[in-house]
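Student: I should like a close look at a single part of this model, followed outward into its surroundings. Please take the matter step by step, in one connected account.

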Amino acid sequence: MATTVNSLSDWTTVMPLLLEQGIVGKDVVFGVLVGPSSHSPVPKEILAKVIKVISEKVIKTNGITCLWNGGDPCFRESRRGGNIADVIKGLVTARVVQAGAIQKSQWMPKAPTFNTTRIAYGPNLAKLNGRSVFGGYEVGAKPEGWSTFISKVEEHAVTPSLLPTGNFFPVAASLGYLCLLPALCSKFVMVVIPQAGFISLKEVEYVSLILENNPEARQSVFIYQITWPNMGSNLTPQEKTEKSQLTFIEKQLDFLRTSFPDNVIKIDV
C-alpha cells in the first residue's frame, strides 16, 4: 500500500483503509524502530547481533508482523556499521518482519523498496506556524483544527489512551508512527537504539509523556531498549558533542524504567 497525506483531514480518510486492509487493527501489535542515523551508526562488528536480538527478543516475542520506521532513503556510513535502514533491511531480508515507512513526500521515492507499506506526508504536515518540523513533538499552540481532528481519530481508535491529551502533540512522521497508527492497534512496541540523534530523543520524550499523562496507556505501551558495552565508543568527537543524543536518550530511558518498570525492557547485545 502507498498513499499520501497532505493534511490532518487526509489522515482520517486513510485510517479506515488501513483498518480494512488489516495493516492496523484490534489484533495487530504495532511496532516502530527508533534509532541510529548516519552520524550514530551501529558498530559494524555487532550489527548482525543487534538485528538478531531485535528479531528474537522483540519481533517474535510480541508477534509483530510489520515494523515501522522513517523510511530512511539512504544507506549511509555502511563502512562503519549501519543506520536504521540497515537494521530494517536485515530484519526484512531474514523474513522476520515486513517494513512500513512514513516519510516526507519529496523523499519517499528514494526510500528503500523493502518498505512495502508507505505513507508519505506532504509539505503542509512538514511545517508548523511557518517553520519546518522533522519529527518528535511540539508543546504549545496546536495546529488549526487539531481538536476536531483528534475527536475524529477517536472514532476509529482501538486504543484511544495512546492519543495525546495534554498540551503536546506529535509532528511530521512521528504523528503517524507514534500516535495515529499505534492508536489503531491493541499494543504499541517501540524499539529504541539509544545511539541516535535529536529527533529520536524527542520521540522517546513523547512516549514518556504518554506514559506519564495517560495511566491507561501503561497497559499498551512497551519500550525495548537495545544496548551494548561501550555504546558510543565508535563515534567521532564531533558526533559525540554536536550530533549524538545518546547520553540524553539513556537518561530518559533510565527515568522511564524506574518510573514504569513493567513498560521499559532493557536488552543487552
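**From a loop to the core**

Tutor: At a relative accessibility of 6%, Gly 232 counts as buried, since the cut-off for that class is under 20%. The model is a predicted one. Gly 232 belongs to the loop that lies between β13 and α7 (237–243). Leaving aside neighbours within four places in sequence, Gly 232 is in contact with Gln 195, Lys 240 and Leu 246. From Leu 18, by contrast, Gly 232 is separated by 214 residues in sequence and by 38 Å in space, C-alpha to C-alpha.

The strand that precedes this loop, β13, covers residues 221–227, and seven of its seven residues are buried, so β13 is largely enclosed by the rest of the structure. In a regular strand, side chains alternate between the two faces of the sheet. In β13, Val 221, Ile 223, Gln 225 and Thr 227 point one way, while Phe 222, Tyr 224 and Ile 226 point the other way. Residues on both sides of β13 are buried.

Strand β12 (residues 187–192) runs parallel to β13 and is joined to it by five bridges. Within this pairing, Met 190 has Ile 223 of β13 as its bridge partner.

Both of these partners recur in the largest nonpolar core, which has 62 residues: Met 190 and Ile 223 are among those that touch the most other members, together with Trp 11, Trp 68, Ile 102, Leu 181 and Phe 188. Helix α5 gives the most to this core, with nine residues. Apart from this core lies another, of 30 residues, including Ile 54, Val 189, Val 191 and Ile 267. In soluble globular proteins, nonpolar side chains tend to be buried together.

Leu 181 shows the surroundings of one such core member: residues up to four places away in sequence not counted, Leu 181 touches Trp 11, Leu 18, Val 24, Phe 30, Trp 68, Ile 102, Ile 119 and Gly 176.

Helix α5 (172–183) also takes part in the second largest pocket: with α1 (8–20), β8 (127–128) and β11 (168–170), it is one of the elements that each supply at least two residues of the lining. This pocket has a volume of about 270 Å³. Its lining comprises 19 residues, and Leu 8, Asn 124, Leu 125, Lys 127 and Pro 143 lie nearest the centre. By class, the lining holds eleven nonpolar, five polar and three charged residues.

Notes
Residues are numbered from 1 along each chain as its sequence is written. This is a predicted model: local features need pLDDT of at least 70, side-chain atom pairs count only at pLDDT 80 or more; totals for chains, interfaces and linings use all residues. Side-chain values use heavy atoms; hydrogens and water are left out. On a 1 Å grid over the protein atoms alone, a cavity is a set of points where a 1.4 Å probe fits but cannot get out, and a pocket is an open set with protein on both sides within 12 Å along at least five of seven lines; lining residues have an atom within 4 Å of a point. Grid points are joined across faces, edges and corners, and a volume is the space filled by probe spheres set on the points. Helices (H or I, at least four residues) and strands (E, at least two) are DSSP runs, numbered from the N terminus. Ala, Val, Leu, Ile, Met, Phe, Trp, Tyr, Cys and Pro count as nonpolar, Asp, Glu, Lys and Arg as charged, and the others, Gly among them, as polar. A nonpolar core is a set of buried Ala, Val, Leu, Ile, Met, Phe, Trp, Tyr and Cys residues joined through side-chain atoms within 4.5 Å. Buried means under 20% relative accessible area, exposed over 50%, partly exposed in between (1.4 Å probe, protein chains only). Contact means heavy atoms within 4.5 Å. Two strands pair if DSSP finds at least two bridges between them.
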